[in-house]
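These are my notebook entries on one structure. I set down what I looked up, entry by entry.

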Amino acid sequence: MSLVRLNIKGISYSQTQNGAYALILSEVGGERKLPIVIGAFEAQSIAIALEKEIKPPRPLTHDLFKNFSDRFEIVVKQVIIHKLVDGVFYSSIICERDKIEEIIDARTSDAIALALRFKAPIFTYKNILDKAGIYLKTSPKKKSQNISEKEDAVIDELILGTDKESVKSTGVDYSKHNLKELNQMLDQAVANEDYETAARIRDEISKR
């Protein structure tokens, strides 16, 4: 089976179900997207790795794993999403130490959070992309945004169709705040290690 490389396009926050997230992976050299429903903590960890402006005062779990691996000279070479069963994606982390390769089973969200930190490529098999990939075309006016309104609508349907436990909403309407206030709130959330709130604020800033 042939492998297809994927890039991370972004993280979608459900517009209708508070606390629900979907990671959007994009096919390299193609138009298909692979949406994966993930938990709040993993969404925060991936968002922080993507957004260089957010720097946690203390290492997150995935940062700790990266530091541990660096100390013992373990390198993550690549991540492969190798199986899809009943809507659940299964992944493997390909590691190397002393020129010996090991394959470690992992949740897809954790594997991708680590791939970002190791700058490792992400792959899936063509048959998985054929089965779960979707075509979402962004209009020219939306090219500057990571996730379009049409994609949000499709992703909402995906999220609402799952039984993943959601996280309670903070109840704060960030659209009412100006950029200066949002940046101050972002700094405060990071200082308090409230990364869920930081991710939401950063998403609102990105929309501006």
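I take helices (H or I, at least four residues) and strands (E, at least two) as DSSP runs, numbered from the N terminus. The model is predicted, so I note that local features need pLDDT of at least 70 and side-chain atom pairs count only at pLDDT 80 or more, while totals for chains, interfaces and linings use all residues. Residues are numbered from 1 along each chain as its sequence is written, and side-chain values use heavy atoms, with hydrogens and water left out.

**Entry 1. Positive phi outside glycine**

I looked up Lys119 and placed it in the loop between helix H3 (108-118) and strand E7 (122-125). Lys119 is not a glycine, yet its phi is positive, about 55 degrees. For exposure I use these cut-offs: buried is under 20% relative accessible area, exposed is over 50%, and partly exposed lies in between (1.4 Å probe, protein chains only). Lys119 has 72% relative accessibility and therefore counts as exposed.

I then turned to Glu73, which sits in the loop between helix H2 (61-71) and strand E4 (75-85). Its phi is near 55 degrees, again a positive value in a residue other than glycine. With 59% relative accessibility, Glu73 counts as exposed.

**Entry 2. Salt bridges**

I count a salt bridge where a side-chain nitrogen of Lys or Arg is within 4 Å of a carboxyl oxygen of Asp or Glu. How many salt bridges does the structure hold? I find eight. Side chains of opposite charge can pair when their charged atoms come close.

One of the pairs is Arg32 with Asp130, at 2.6 Å from N to O. Arg32 belongs to strand E3 (residues 32-38) and Asp130 to helix H4 (residues 126-132), so this bridge ties together parts that are 98 residues apart in sequence. Arg32 is buried, at a relative accessible area of 12%, whereas Asp130 is partly exposed at 43%.

Asp130 also meets the side chain of Lys126 in a salt bridge of 3.0 Å, N to O. Lys126 and Asp130 are four residues apart in helix H4, which means that about one helical turn separates them. I record Lys126 as partly exposed, with a relative accessible area of 40%. Which residues are linked in a network of salt bridges? They are Glu27, Arg32, Lys126 and Asp130.

In helix H2 I looked up the pair Asp70 and Lys66, whose side chains form a salt bridge of 2.7 Å, N to O. Asp70 and Lys66 are likewise separated by about one helical turn, being four residues apart. Asp70 counts as partly exposed at 41% relative accessibility, while Lys66, at 19%, counts as buried.

**Entry 3. Helix H6**

Helix H6 (residues 179-191) has 13 residues and reaches 18 Å from its first C-alpha to its last, close to the 18 Å expected at 1.5 Å a residue. I compute the expected span as 1.5 Å times one less than the number of residues. Its buried residues are Leu182, Leu186, Ala189 and Val190. Seen down the axis of H6, these fall within an arc of 95 degrees, so they line one face of the helix; the arc is that of the directions from the helix axis to the C-beta atoms.

The face turned away from this buried side carries the exposed residues Lys180, Asp187 and Ala191. What covers the buried residues of H6 includes helix H7 (195-207).

**Entry 4. Contacts of two buried residues**

I take contact to mean heavy atoms within 4.5 Å. Cys95, in strand E5, is buried, with a relative accessible area of 5%. Residues up to four places away in sequence aside, Cys95 touches Ile74, Val75, Val76, Lys77, Ile100, Glu101, Glu102 and Ile104. The C-alpha atoms of Cys95 and Lys77 are 5.5 Å apart, with their positions 18 residues apart along the chain.

Gln44 lies in helix H1 (residues 40-50) and counts as buried at 10% relative accessibility. Outside its neighbours within four places in sequence, Gln44 is in contact with Tyr195 and Glu196.
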